[in-house]
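Colleague: I should like to go through this model with you, one region at a time. Could you begin with whatever term we shall need for describing how a helix is covered?

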Amino acid sequence: MKTLRLTMAQALIQFLAAQYVERDSIEHRFIEGCFGIFGHGNVTGVGQALAQHPDLLTYYQARNEQGMVHIAAGFAKMRNRLATLACTTSIGPGATNMITGAAAATINRLPVLLLPGDVFASRHPDPVLQQLETPGRGELSVNDCFRPVCRYWDRIQRPEQLVQAALAAMRVMTSQAETGAVILALPQDVQVEAFDYPVEFLKRRVWHIGRPLPDPSALERAAAIIRGSRKPLIVAGGGVIYSDATGSLQRLVKRTGIPASETQAGKGSLPFDHPGALGGIGTTGTLAANRVAAEADVVIGVGTRYSDFTTASKTAFQNPEVCFININVAESDSHKLSGLALVGDARATVEDLDERLNGWTVSDEYRQRCKQLQADWDKEVSRLYHIRHRPLLAQTEVLGAVNELSGPRDVVVSAAGSMPGDLHKLWRARDTKGYHVEYGYSTMGYEIAGGLGVKLADPSREVYVMVGDASYLMMAQEIVTSIQEGAKLTVVLVDNDGYASIGDLSRSKGTAGFGTRYFYRSDGSLGDDAERSNGVRLPVDLALNAEGLGAHVFRARNTQELRDALIAAKKIDRTVVVYVPVDRYEGVPSYESWWEVPVAEVADSADVKKARQDHERGVARRRWHL
Ligand SMILES: Cc1ncc(C[n+]2csc(CCOP(=O)(O)OP(=O)(O)O)c2C)c(N)n1
Ligand SMILES: [Mg+2]
């Protein structure tokens with residue numbers, strides 16, 4: 001057997017550079033580069049290997065380890081999970097900084113390869129700098145914290161273990177049902193140990209991604225149920241986009257007249273003006289989708305995991321007879337809500353069902369009703385885009401300006417705060433990859449980093465990052481990385497003095513926005529109306545902060561300045577931040593939808609008591625779907 005004497009880290013880098021995936025006869029390189037921040041736990045191991053082979057794997061510097069995992073996740077999402085990036089860190093805080101990123105990637109079913117350094121396998125230097133000791137558990141290190149937030153976890157204690165671990169890691173990352181964060185914890189001494197690796201291990205390897213079909217009898221039963229339905233509704237999830245099923249789904253919707261709603265991850269499956277496109281569903285859904293959902297007799301979920309937002313905490317589907325048909329490559333998702341499980345690839349299954357439906361369509365009356373709801377909703381969007389709120393702009397005007405002034409292929413990116421809900425309702429999606437909202441983990445701080453991943457994955461598109469002031473403050477530093485990499489972002493920084501969405505939630509539950517606004521307390525106390533009481537704005541200038549990080553900054557106080565800034569931003573080739581103050585209290589209503597948030601069962605405040613009664617009314621509408 002031919003072998004090559006390499007350190008474990010060198011073998012890992014050579015292996016990663018040789019991994020490809022194939023789907024629909026097209027091959028892609030799977031690991032396109034490696035982000036990292038070096039410390040004593042990786043600089044001489046993985047760092048040395050990357051330095052020795054710069055031709056094999058491009059190295060990128062990040063500013064925060066959490067940020068680099070978001071970059072990798074944004075990249076993988078943009079590439080429909082057919083490619084990703086690796087992330088190398090030191091031991092200790094560098095490693096654990098990646099935990100939030102790992103959870104966000106896993107919950108969104110996005111492959112990322114995380115390579116945290118780990119304490120010495122030899123244990124000689126114990127406790128080494130940054131080693132957290134656990135008396136009584138010799139085998140533990142802080143990297144064990146990754147176990148619940150990843151899909152595959154391993155620690156390479158001997159160099160030869162890499163062979164099995166690396167293959168297992170690739171299998172999981174390329175599995176459409178299992179993918180998520182993969183952790184290979186690399187003890188710092190083992191990274192530099194040499195071993196005679198089989199050459200076969202390092203050769204080009206192709207991982208095939210198939211398009212499995214569900215059992216034919218299940219497909220036939222599903223087709224029969226749909227043919228017998230009067231008010232069917234599709235819920236398109238992220239799986240539609242990842243499996244490149246958008247064209248097939250659009251054809252099915254057009255031909256059968258079955259209307260389609262979209263989850264956050266599935267938004268963009270249909271262009272907003274496609275016949276039968278009802279837009280976002282659920283807690284952050286449109287009136288059109290939520291009205292149809294309330295009456296639907298058959299719900300066809302395609303590539304969705306039915307998050308609590310999608311089902312409006314199980315109140316969205318009120319037809320007593322409603323049943324579910326779930327197309328999903330992951331068996332666990334396909335069984336949700338006691339659905340008829342169609343375990344398979346979204347595209348192949350949608351096409352198969354379309355054939356089996358063999359010309360069947362919904363009634364003209366139903367088609368007309370959906371068409372009317374869609375048209376009415378579009379008017380509501382126009383109203384909110386041009387609401388002319390003064391003196392400060394409403395956030396919906398900012399969203400509208402970005403939508404109207406961005407190109408059809410451009411990408412909008414967001415993650416937390418009030419923006420994702422507003423985008424889910426109001427963004428007019430024109431391209432299947434044009435809407436990128438991380439709403440699985442809804443991680444404050446994903447926005448700029450994730451947006452950078454999108455830009456690296458497709459430099460031909462302009463990327464518009466919509467970020468709230470508080471999320472900006474959690475992680476703005478990858479602006480520096482975007483400048484260093486020449487990867488331009490247009491960041492629209494919406495300032496409303498802090499945690500406005502949570503303030504709104506708090507007020508709606510009787511707690512007066514307590515603790516959600518950035519302000520000085522002029523009277524030194526927090527009253528009942530803590531949020532609105534004569535607070536004084538903090539002397540904080542986020543626009544200046546962005547300028548300090550190297551961005552080209554525009555300040556926009558009104559529609560004209562905002563539009564001028566967005567137009568001028570297109571001609572600038574480094575990262576732009578458009579800073580816009582907006583009215584904290586001018587939000588978007590919810591459209592006949594609910595979200596279960598617990599409310600205190602006993603409280604002093606009359607407002608909380610009232611909120612508890614509302615809560616109980618909501619709970620009474622909750623369904624089991626058994
Ligand atoms: C890391 C993290 N911490 C806390 C939360 C809970 N949370 C959700 S939205 C929000 C406020 C976000 O503020 P901002 O980004 O300014 O957006 P706004 O709500 O003002 O629109 C908070 C604290 C979260 N999603 N992520
Ligand atoms: Mg805010």
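Modeller: Certainly: two residues are in contact when heavy atoms lie within 4.5 Å. Please also keep in mind that this is a predicted model.

Colleague: With that settled, how many residues of helix α16 are buried?

Modeller: In α16 (residues 395-405), 10 of the 11 residues are buried, so the helix is largely enclosed by the rest of the structure. The buried residues are Q395, T396, E397, V398, L399, G400, A401, V402, N403 and L405.

Colleague: And what covers the buried residues of α16?

Modeller: The cover includes the helices α15, α17 (419-426) and α23 (559-570). It also includes the strands β20 (463-468), β21 and β25 (576-581).

Colleague: Let us turn to the metal. Which residues coordinate the magnesium ion (ligand 2)?

Modeller: D469 through OD, N496 through OD1 and G498 through O coordinate the ion, at 2.0 to 2.1 Å. Along the chain, these donors follow the spacing D-x26-N-x1-G. D469 lies in helix α19 (residues 469-474) and N496 in the loop between β21 (490-495) and α21 (500-508), so the pair ties together parts that are 27 residues apart in sequence.

Colleague: Are D469 and N496 buried or exposed?

Modeller: Both D469 and N496 are buried.

Colleague: Next, the nonpolar interior. Which residues have the most contacts inside the largest core?

Modeller: L249 and F317 do, in a core of 84 residues. Helix α15 (residues 364-385) gives the most to this core, with seven residues. Apart from that core lies another, of 55 residues, among them F146, V411, V413 and L456.

Colleague: Back to F317: what does F317 touch, not counting residues up to four places away in sequence?

Modeller: F317 touches L233, V235, I281, A293, A294, V299, T311, V322 and F324, and also R623 and H625.

Colleague: Now the small glycine question. Where is G453 placed, and what is G453 in contact with?

Modeller: G453 sits in helix α18 (residues 446-457) and is buried, with a relative accessible area of 0%. Setting aside neighbours within four places in sequence, G453 is in contact with I71, G74 and F75. G453 and F75 are 378 residues apart in sequence, while their C-alpha atoms are 4.2 Å apart in space.

Colleague: What about T89: buried or exposed?

Modeller: T89, in strand β6 (residues 84-89), counts as buried at 0% relative accessibility. Beyond neighbours within four places in sequence, the contacts of T89 include I37, G41, N42, E65 and M68, as well as L115, P116 and G117.

Colleague: One last topic, the open sheet of three strands. What is the strand order?

Modeller: The order is β3-β2-β11, with mixed pairing. At the edges are β3 (26-29) and β11 (205-208), each of which pairs on one side only. Neighbouring strands are turned by 30° against each other on average, with direction ignored.

Colleague: In which sense do β2 and β11 pair, and which residue does E22 stand opposite?

Modeller: Strand β2 (residues 19-23) pairs with β11 in the parallel sense, over four bridges. E22 stands opposite H208 in β11.

Colleague: Which strands does helix α1 lie across, and which does helix α6 touch?

Modeller: Helix α1 (residues 8-17) lies across β2, β3 and β11, running at about 25° to β2. Helix α6 (residues 161-174) packs on the sheet and touches β2 and β11, its direction making about 35° with that of β11.

Terms used:
Residues are numbered from 1 along each chain as its sequence is written. Chains are lettered from A and ligands numbered from 1 in the order in which they are written. This is a predicted model: local features need pLDDT of at least 70, side-chain atom pairs count only at pLDDT 80 or more; totals for chains, interfaces and linings use all residues. Side-chain values use heavy atoms; hydrogens and water are left out. Donors are N, O and S atoms within 2.8 Å of the metal (3.2 Å for Na, K and Ca); water is not among the atoms, so sites may look incomplete. Helices (H or I, at least four residues) and strands (E, at least two) are DSSP runs, numbered from the N terminus. Buried means under 20% relative accessible area, exposed over 50%, partly exposed in between (1.4 Å probe, protein chains only). A nonpolar core is a set of buried Ala, Val, Leu, Ile, Met, Phe, Trp, Tyr and Cys residues joined through side-chain atoms within 4.5 Å. Two strands pair if DSSP finds at least two bridges between them. Axes are lines fitted to C-alpha atoms, for helices over the stretch in contact, and angles run from 0 to 180 degrees between N-to-C directions.
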